[in-house]
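Subject: Structure for you to look through

Dear colleague,

I am handing over the structure we spoke about, and I would be glad if you could open it beside this message and follow along. Please take your time with each part before moving to the next.

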Amino acid sequence: MTKSSMTTREKVEKSMKRRRAAEQRFRMYGVASVLFGLLCLVVLFGDILSKGTSAFSQTVIETSITLDADYLGLDKNADDQQVRLANFEGLIKQHFKDMVQPDGRKERRQLYSLVSAGASWQLQNMVLNDRSLLGQTIEVALIADDDVDQWFKHDRGHAHNAMLNETQIGWLEQWAEQGILKTRFNTLFFVNGDSREPELAGIRGAITGTFLTLLVTFLLSFPIGVAAAIYLEEFAPKNKITEFVEININNLAAVPSITFGLLGLAIFINIFGVARSTPLVGGLVLTLMTLPTIIISGRAAIKAVPPSIREAALGLGASRVQVVFHHVLPLALPGMLTGTIIGMAQALGETAPLLMIGMVAFVVDVPAFISDPSTVLPVQIFLWSDSPERAFTERTSGAIIVLLGFLVIMNTAAVMLRRRLERRW
Amino acid sequence: MKKALLTGAALLASMVGVSAHAERDYISIVGSSTVYPFSTVVAERFGKSTDFRTPKVESTGSGGGLKLFCNGVGDATPDITNASRAIKQSEIDLCAKNGVTDIIEVTIGFDGISFANSAAAKHMDVTLRDLYLALAKMVPAQDGSETLIANPYKTWKDVNPVLPATKIEVLGPPPTSGTRDAFAELAMEGGCKTFPFIKAMKSADKNKYKAVCHGIREDGAYVEAGENDNLIVQKLVANPDAFGIFGFSFLEQNSDKVQGAAVNGKLPTFDNIADGSYPISRSLYFYVKKAHIGVIPGIEEYLAEFTSERAMGEDGYLADKGMIPLTEDAYADVVKRVKNLTPMAVK
């Protein structure tokens, strides 16, 4: 049988095997790449979660301490200023000295270093809230130093610890056996601002700063973005100029974000004199960055509204503004909001433009207004990852978990919104 | 909804105007990332123990900080800048040009730069000359003639027969870093000038001398590992043959993972850096704009806190954070200058 005598059917059958194999191969490539993506995600999340979850617990030393009114020099009528100046640190040192009976000055210093500098602020706050505690013996869980925290959570039972010596570990083992050394949920991580003591460092300052910055971004970029999208789509004449504007908006969306930071520095700070490191200037810069995203998604949403709706409204005598605001905008709004949320989620994770405008800063006080110095979550993560103290490693991962949580919430909101409100024609 | 958004936007626009003229009531500090960990501790304690607001500390690098600092006088410019090197004449000139004339210089302590490897590897004992020969771009020819050749050394044993035959692989900071500048100046140049003919070059051709002594090889033996010292520590643990260059405070915090090599026979320990016998250590500074004292609240009190015995003293909390305190005389001098707010002498 010669080749030319093969029927079409035979030819097809012959090539069938090869074509099936090609399809199988292609499917396998697809599955492999999806699996690879998932694997990366699992490794990343696994790593962050395994490192970060311990940031949510904190080692404390439970003890009963007498708030000696004479030692502190306070009476029940002491005002806040007097309480702030009182020597709570000395009281704590005295307490532990009596408890352990250290030998000599060196051992005393080693003992004192086991308790966090925050412990005296703890007692101070308790007295500030309730003067009647003075003179009483109270049960408190004093925050342990970060080195103790790391030892108790990770290194206990292992041979070597860099920061504690034999004597200190001896005391700690004893306390652990007595059950006064324990871990509890790390509330401070959520209520404190930044601190140089890892055991006192928290993300509330960064979260508030993020919120204020995003608020400014939203208030500016949403109205401007929507207005620009409506004008370009519904009113602007189609000519060279609008085409030029359109190309440039698309280009802006692809500009590296650090450029916006430089622009912000040059214009908002140097020319208009907006204060550095504030959510206001951060929001202004991020507005520049998110605007193109909002305009592009807004225009797409408006385009998706069928022309028949516009024509029907026009036919019934509505003006063009009425058409837009009564019919087109309500129908396009879900799509616009989705685009806005995605743009905001992008802004939430941004650090590069903020480097230039001074938001990479150590800020302890939780910002109260958009003109207070503040930082944002991704910057906080960056700053902690660069800190020498070992305990900041887990806090870095802890903050990443919180940031990822916010991102997931925002993206889910965008998807839900689209599902709920989107109409198909 | 729309109306609310519009009023919000209008409010914001007016805020921009208002905030531009609002008086700043907190101290603004910028500058070196090496001084940042110390400056922030003081700022935090200062904020907690006084009625003043906690100062804002930005980490911009020494050069970036001085540039901002010298930008002018007024509450839009920082009050204090940290530096891991002394201010340069060009920067003093820039300051003067912008009206910043009275600058108070405060030396706060020392920082040692450690040359370290994994604690699991063999401990190293190197000299500055070894470091120079291992890391420089150009080194003297091995035949003893006074010519410079591209660095031919592949292993530590090639550099010095007493060292092990492991490949030279050093992780260090990039050129933008103050740590890199200090390493080049103290370690590389220190080893470089042990060759008499290069030393002679200093007076003859200063630029060439600097190029020879500060030039770090680019053939892969020196790996720029970014500014993050924690990253370098992690990489050293993973690779026992590699060495890293980073600040003493990171060595101290990770002494179970990495060990510092002895340089010229001296280990990078607290005592050796404090008495100056460890060769790779530098001074840390900050600079204060005198014109802002009395205008921005709390600067004088911040200076008092920073230079107090409990902060900068031998047993102070800055020493706990890894800063090496000044000698007693130098400390007394700093305290006196801060108390009298003595500005730097104008050259």
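What follows is a walk through the domains, a sheet, some helix pairs and the contact between the chains. Please keep in mind throughout that this is a predicted model.

Let me begin with the domains. The domain assignment divides chain A into domain 1, which covers 58-184, and domain 2, which covers 204-421, and the centres of these two domains, taken over C-alpha atoms, are separated by 46 Å. In chain B the assignment gives a domain 1 made of 24-110 + 282-340 and a domain 2 made of 112-281, and here the C-alpha centres lie 30 Å apart. Where the two domains of chain B meet, 14 residues of domain 1 are in contact with 16 residues of domain 2. The side of domain 1 of chain B that touches domain 2 of chain B consists of 4 nonpolar, 7 polar and 3 charged residues.

Next, please find the sheet in chain A. It is an open sheet of 3 strands, arranged in the order 2-1-3 with antiparallel pairing, and its edge strands are strand 2 (137-143) and strand 3 (181-185), each of which pairs on one side only. From one strand to the next, the twist averages 45 degrees. Strand 1 of chain A, which spans residues 57-66, pairs with strand 2 of chain A over 7 bridges in the antiparallel sense, and if you look along this pairing you will see A:Ile65 standing opposite A:Ile138 of strand 2. Helix 7 of chain A, residues 146-155, packs on the sheet and touches strand 1 and strand 3 of chain A, with its direction at about 115 degrees to that of strand 1.

The helix pairs deserve a slower look, and I suggest starting with two in chain A. Helix 4 (residues 88-100) and helix 5 (residues 104-112) of chain A have axes that come within 10 Å and cross at roughly 115 degrees, and their crossing is right-handed. In this pair, A:Lys93, A:Phe96, A:Lys97 and A:Val100 of helix 4 meet A:Arg108, A:Leu111 and A:Tyr112 of helix 5, so that you can sort the residues yourself into 4 nonpolar, no polar and 3 charged.

Further along chain A, helix 12 (residues 257-269) and helix 13 (residues 279-303) pack at an angle of about 130 degrees, with 9 Å between their axes. Are these two helices parallel or oblique to each other? Helix 12 and helix 13 of chain A are oblique, because an angle of about 130 degrees falls outside the ranges that count as roughly parallel, roughly antiparallel or roughly perpendicular. Their crossing is right-handed. Helix 12 of chain A contributes A:Ser257, A:Phe260, A:Gly261, A:Leu263, A:Gly264, A:Phe268 and A:Ile269 to the contact, while helix 13 of chain A contributes A:Val281, A:Leu284, A:Val285, A:Leu288 and A:Met289. Sorted by class, the residues of this contact are 9 nonpolar, 3 polar and no charged.

Chain B offers a further pair to study. Helix 2 (residues 36-49) and helix 13 (residues 299-306) of chain B pack at about 120 degrees, with their axes 10 Å apart, and helix 2 of chain B is therefore oblique to helix 13 of chain B. The crossing of these two helices of chain B is right-handed. In helix 2 of chain B, the residues B:Val42, B:Arg45 and B:Phe46 meet B:Tyr302, B:Glu305 and B:Phe306 of helix 13 of chain B, and this contact divides into 4 nonpolar, no polar and 2 charged residues.

Finally, please turn to the place where the two chains touch. The contact takes 33 residues from chain A and 35 residues from chain B. On the side of chain A, helix 10 (204-235) and strand 4 (361-362) each supply at least two residues, and helix 10 gives the most, with 5 residues. By class, this side of chain A has 19 nonpolar, 9 polar and 5 charged residues. Strand 4 of chain A is also joined by 2 bridges to strand 2 of chain B (residues 56-58), and these strands run antiparallel; within that pairing, A:Phe362 has B:Val57 as its bridge partner.

With best wishes

How values were computed. Residues are numbered from 1 along each chain as its sequence is written. Chains are lettered from A and ligands numbered from 1 in the order in which they are written. This is a predicted model: local features need pLDDT of at least 70, side-chain atom pairs count only at pLDDT 80 or more; totals for chains, interfaces and linings use all residues. Two strands pair if DSSP finds at least two bridges between them. Helices (H or I, at least four residues) and strands (E, at least two) are DSSP runs, numbered from the N terminus. Axes are lines fitted to C-alpha atoms, for helices over the stretch in contact, and angles run from 0 to 180 degrees between N-to-C directions. Two residues are in contact if their C-beta atoms, placed from the backbone, lie within 7 Å. Angles under 35 degrees count as roughly parallel, over 145 as roughly antiparallel, 65 to 115 as roughly perpendicular and the rest as oblique. A crossing is left-handed if the near helix is turned anticlockwise from the far one by less than a right angle, and right-handed if clockwise. Domain bounds come from an automatic or database domain assignment.
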